[in-house]
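Trainee: I would like a close look at a single part of this structure. Please take one strand and go through its surroundings step by step.

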Amino acid sequence: MNLETEISSLKLSNPFMNASGVLSTTGGLLKRIAMAGAGAVVTKSLSLDPREGYPNPVVVELPYGYLNAIGLANPGLESFREELREVKDVGVPVIVSVFGSTVEEFARASFKAEEIGADAIELNLSCPHAGGLTSYSQDPKLAYDVIARVKHSVSIPVFAKLSAESPSIVEVAKAVEKAGGDGVTAINTIKAMYIDVDLKRPVLSNKFGGLSGPAIKPIAVRCVYELHEAVEIPIIGVGGISDYRDALEFILAGASAIQVGSALAKEGFDLFRRLINGVEGYLKLHGFSSIKELIGYAHRC
Amino acid sequence: MHVAKLVDAKDEARNVKTLILECPKIAVKARPGNFIMVWLPSAEEVPMSLSVIKPPRLIGFTVKGVGETTNQLLKLPLNSFIGVRGPYGRGFTVSKLKAVLVGGGVGIAPLAPLAEELKSLGSHVEVIIAATTAKELIFKERLARIADKLLVATDDGTEGFKGLAHEALDEALSKSKADKVYVCGPEPMIVKCMEVALKHGVDLEASLERYIKCGVGLCGSCSINGLRVCLEGPVFKLSELVKIKELGSYVRDASGRKVPVTST
């Protein structure tokens with residue numbers, strides 16, 4: 001069974017990778033993801049300068065997912081050079097997630113990411129708990145500007161991570177494509193809140209956070225389906241994928257690759273092996289020889 | 001997230017208290033070596049090793065005032081309600097054996113429920129508690145009641161053995177071999193105790209401390225050589241510890257940058 005897939009010029013031995021932010025803050029963790037069988041790894045979102053993030057509590061465990069407001073804590077791109085070296089040895093593509101607060105910062109951070117060894121860049125245009133940073137995924141014009149500027153600064157593929165909370169994720173994706181973007185990742189976490197009834201206040205120090213996990217999966221599948229009808233560039237599907245059947249749902253909707261976040265934290269690194277075995281079994285059972293035959297298959301009906 | 005009531009607070013040393021919480025959901029599940037995330041709604045959420053495990057209702061942790069949240073915890077009035085998550089992490093492995101427990105400073109705290117558990121299994125338990133000076137020693141009476149033998153060590157010689165914890169351990173193991181050493185305390189002390197255990201051919205487990213944010217293995221903030229202290233630790237076995245290159249050399253700050261290990 002052939003699980004090979006491509007996102008732009010990036011060739012992956014299988015479609016599975018971690019979602020940015022989950023187990024991706026150090027080279028040691030990224031190396032474990034790569035060694036566990038992932039087709040690519042994605043770093044925590046990095047900025048030019050280090051960032052401490054929000055004070056605890058930063059995570060709430062819910063029966064249907066996680067609510068988090070880590071606040072884009074990261075050691076900065078330069079410090080990450082050494083971390084990347086650890087994972088580069090394994091030989092799987094490394095996607096560096098970057099963010100900035102202006103178009104110019106996005107461009108400088110992306111340039112830096114390529115310089116420290118990124119094989120591709122994922123622009124975090126849509127963190128739901130970081131002040132004004134979400135605006136880039138809300139407005140097609142802003143998304144166009146940032147992608148066009150970043151594409152001018154780097155020679156590696158550039159993907160844009162989008163939000164389901166945009167007025168139209170489709171219009172934003174079209175702008176990304178028009179600006180020369182090489183792919184879109186959908187979807188980021190969804191802005192949410194949890195209030196402790198006994199203590200009578202929001203639990204996260206930032207009050208608002210991003211919801212991930214099974215709760216958001218149907219929304220993510222809808223987005224991927226819509227995007228597949230609207231753009232030609234590859235789609236990386238993410239949002240509540242816990243097992244191989246969830247992953248297949250995204251692939252049938254139009255995703256060329258898959259990211260796992262909450263489930264990876266909950267179930268551990270073996271998840272990659274289970275996803276690979278599950279999809280292989282499915283391909284065999286349903287008479288397909290390659291995962292590529294299934295991308296967007298659900299649109300045929 | 002559970003809401004727990006503060007039902008008792010006991011002074012252990014200057015600026016150190018043990019807070020007892022009523023929290024049945026954690027009390028019935030907790031094991032020695034586990035930790036909880038303690039959330040003081042007016043401040044922050046901090047990780048705390050369990051120093052008291054009394055099912056079916058009570059748990060406790062021992063806190064030293066080192067920052068705003070811990071200082072507020074020391075002043076928390078009885079019957080206050082706070083948020084707690086857990087129990088989290090992998091605890092100590094226990095069986096009937098001849099054990100030496102080594103605790104340094106507030107690192108002594110999680111060894112108390114461990115000593116109780118080991119005794120209940122019929123183990124022979126020797127405990128070494130160490131601090132910079134006599135006034136900083138905690139749990140002396142409590143451990144004296146539980147342990148078969150209690151040895152006190154202070155860096156300045158104000159009480160008991162004058163010297164460092166690993167020197168006391170070396171002496172103890174020279175006198176009488178043990179099956180396993182359990183350690184909790186400052187990281188340089190853990191590294192030294194590992195060297196002593198390896199020299200004597202004795203097994204060891206140690207509880208490590210890192211910057212814990214999520215507590216559930218999601219964020220990677222507590223990562224040490226790719227291992228998550230919150231989920232795959234905080235207790236690690238000797239076979240794992242010897243492979244951790246970062247041990248005793250650096251920790252990570254809130255942003256994830258590497259900073260050198262300090263001795264406290």
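Mentor: What follows is a walk around one strand of chain B, and then a short look at places elsewhere.

The model is predicted. The part to look at is strand β8 of chain B, residues 124-131. Is this strand mostly covered or mostly open? β8(B) is mostly covered, with seven of its eight residues buried.

Begin with the sheet that holds the strand. Seven strands of chain B form an open sheet in the order β10-β9-β8-β7-β11-β12-β15, and the pairing in this sheet is mixed. Its edge strands are β10 (161-162) and β15 (235-237) of chain B, each of which pairs on one side only. In the order given, β8(B) stands between β9(B) and β7(B).

Take the β7 side now. Strand β7 of chain B covers residues 98-104, runs parallel to β8(B) and is joined to it by seven bridges. Two positions help to find the register on screen. Lys98(B) stands opposite His124(B) of β8(B), and Val100(B) has Glu126(B) in β8(B) as its bridge partner. Which helix does the chain pass through on its way from β7(B) to β8(B)? The connection runs through helix α3 of chain B, residues 111-120, and this β-α-β crossover is right-handed.

On the other side of β8(B) is strand β9 of chain B, residues 149-154. These two strands also pair in the parallel sense, over six bridges. Here the pair to find is Val127(B) with its bridge partner Leu150(B) in β9(B). The link from β8(B) to β9(B) includes helix α4 of chain B, residues 140-146, and the β-α-β unit made by the three elements is right-handed.

As a general point for reading such a sheet, side chains in a regular strand alternate between the two faces.

Outside the sheet, two helices of chain A are worth a look. Helix α5(A), residues 169-178, packs on helix α6(A), residues 217-230, at an angle of about 45 degrees, with the axes 9 Å apart. That angle is why α5(A) counts as oblique to α6(A). The crossing of α5(A) past α6(A) is right-handed. Ile169(A), Val170(A), Ala173(A) and Lys174(A) of α5(A) meet Cys223(A), Glu226(A), Leu227(A) and Ala230(A) of α6(A).

Last comes the contact between the chains. Chain A gives 33 residues to the contact and chain B gives 24 residues. On the side of chain A that touches chain B, α1 (27-35) and β5 (59-62) of chain A each supply at least two residues. The largest share of that side, four residues, comes from α1(A).

Conventions:
Residues numbered from 1 in each chain as written. Chains lettered and ligands numbered in written order. Predicted model: local features only at pLDDT ≥ 70, side-chain atom pairs only at ≥ 80, totals over all residues. Buried ≥ 20, exposed ≤ 12 C-beta atoms within 10 Å, placed from the backbone. Pairing = 2+ DSSP bridges. Right-handed = clockwise from strand over helix to strand, strands pointing away. Axes fitted to C-alpha atoms, helices over the stretch in contact; angles between N-to-C directions. Parallel < 35°, antiparallel > 145°, perpendicular 65-115°, else oblique. Left-handed = near helix turned anticlockwise from the far one by under 90°. Contact = placed C-beta atoms within 7 Å.
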